[in-house]
Amino acid sequence: MKNYLFPKFFQSLSAKELAEYCVSIGIDGPTLLIRDGYWVKASDVFETLPAFVKCCEACGAEVKYADTPYDMDRLDALDDQLALMSANGIELFRVNYITKGQYPARELHDKVCHDMEIAEKAARKHGMRAVIQVHGGCYPHNATSAYFACKNFDPRYLGIKIDPGNNIAQEGYEDFAYQIALLGEYIAAIGQKDARLVRDGDKNSAAKGWRREFAPANEGVNNYAHIFSQMKKHGISVPGILMPFYHDRDFDALRTAFVDEVAYFKHCQEESGL
């Protein structure tokens, strides 16, 4: 199983340092993050994307998965950008989210189905797979909403990124055996992230002192050994996207905790036959 780092909190590193770090801790490489303030921006993608990929590959890392800001319903107008990603070895690209506040609740399903059709055609043209991430506050936010939106599209060109951490920390929790059996071949990636419940507030408040926070997976509530075993059971072989969203203001603490988290994920993967 491939493991790629979503480097949201690693922006202080150069591209070379990022790639070398991934190799040093035994993961396959970073995702291609197209975002202002990072190594590749949408405004200069034609110059910086090839340079980023080349730099990573020179360090022994691979770049196969992209996190993009591209809206699904605009992908047919972004032919050059998609061609660029494909030419530089990108196989999967996560598209932008549809937030629930953008549309009335009863319009969300039809909207995402409409946009998925555009995304599938665009990805098909360039031999890639468009990836929709389940995410709290967005649509789809769980496996059920995702499946009934994508079930009529070709899973070779359009898939779903499940996200157990977001399911726990935000919204969308469903039994993982059910999620994986339902989505099946539509699962394109798994977000490797976790969370926990903490009670350190006023017990007399509306929330009764409880809050949810992201945490290293070896300290969180999700049972990744079970999750990976269900993926193995259904023959699902997709990359894991490592998403360390803890210690975001203490980079040294983040890196230290992340090494242990990677070891935990690899142990669970090996135990599950992935």
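Let's start in a loop: Pro-140 is found between strand S6 (129-133) and helix H5 (143-150). A cis peptide bond joins Tyr-139 to this proline, with omega at about 5°. Keep in mind that you're looking at a predicted model. Below are some backbone oddities, then a tour of the aromatic rings.

**Backbone spots to look at**

- As background, most peptide bonds are trans, and most residues other than glycine have a negative phi.
- The bond between Tyr-139 and Pro-140 is cis, so that's a good place to begin with the structure in front of you.- Lys-208 isn't a glycine, yet its phi is positive, near 60°. You'll find Lys-208 in the loop that runs between strand S9 (194-199) and strand S10 (210-215).
- How open is Lys-208 to its surroundings, buried or exposed? Neither, quite: Lys-208 is partly exposed, with a relative accessible area of 48%.
- His-247 also isn't a glycine and has a positive phi, of about 50°. The loop holding His-247 lies between strand S11 (240-242) and helix H9 (251-272).
- With a relative accessible area of 38%, His-247 counts as partly exposed.

**Aromatic pairs**

- A pair of aromatic rings is described by two things, the distance of the centres and the angle of the planes.
- How many aromatic pairs are there? The count comes to 16.
- One of them joins Tyr-147 and Phe-148, with 5.1 Å from centre to centre and 75° between the planes, an edge-to-face arrangement.
- Tyr-147 is partly exposed at 21% relative accessibility; since buried means under 20%, Tyr-147 doesn't fall in that class.
- Its partner Phe-148 is partly exposed too, at 43% relative accessibility.
- Tyr-173 and Phe-176 make another edge-to-face pair, because their planes stand at 80° and over 60 degrees counts as edge-to-face. The centres of these two rings are 5.5 Å apart.
- Tyr-173 is partly exposed, at 49% relative accessibility, whereas Phe-176 is buried, with a relative accessible area of 6%.

**A ring cluster and a charge**

- Which residues do ring pairs link into a cluster? They are Phe-6, Phe-9, Phe-214 and Phe-245.
- Phe-245 has a charged visitor as well: the charged end of Lys-193 sits over the ring of Phe-245, 4.3 Å from its centre.

Terms used. Residues numbered from 1 in each chain as written. Predicted model: local features only at pLDDT ≥ 70, side-chain atom pairs only at ≥ 80, totals over all residues. Heavy atoms only, no water. Phe/Tyr/Trp six-rings, centres within 6.5 Å; stacked < 30°, edge-to-face > 60°. Buried < 20%, exposed > 50% of the residue type's maximum accessible area, 1.4 Å probe, protein only. Lys NZ or Arg CZ within 6 Å of the ring centre and 35° of its normal. Helix = DSSP H or I, 4+ residues; strand = E, 2+ residues; numbered from the N terminus.
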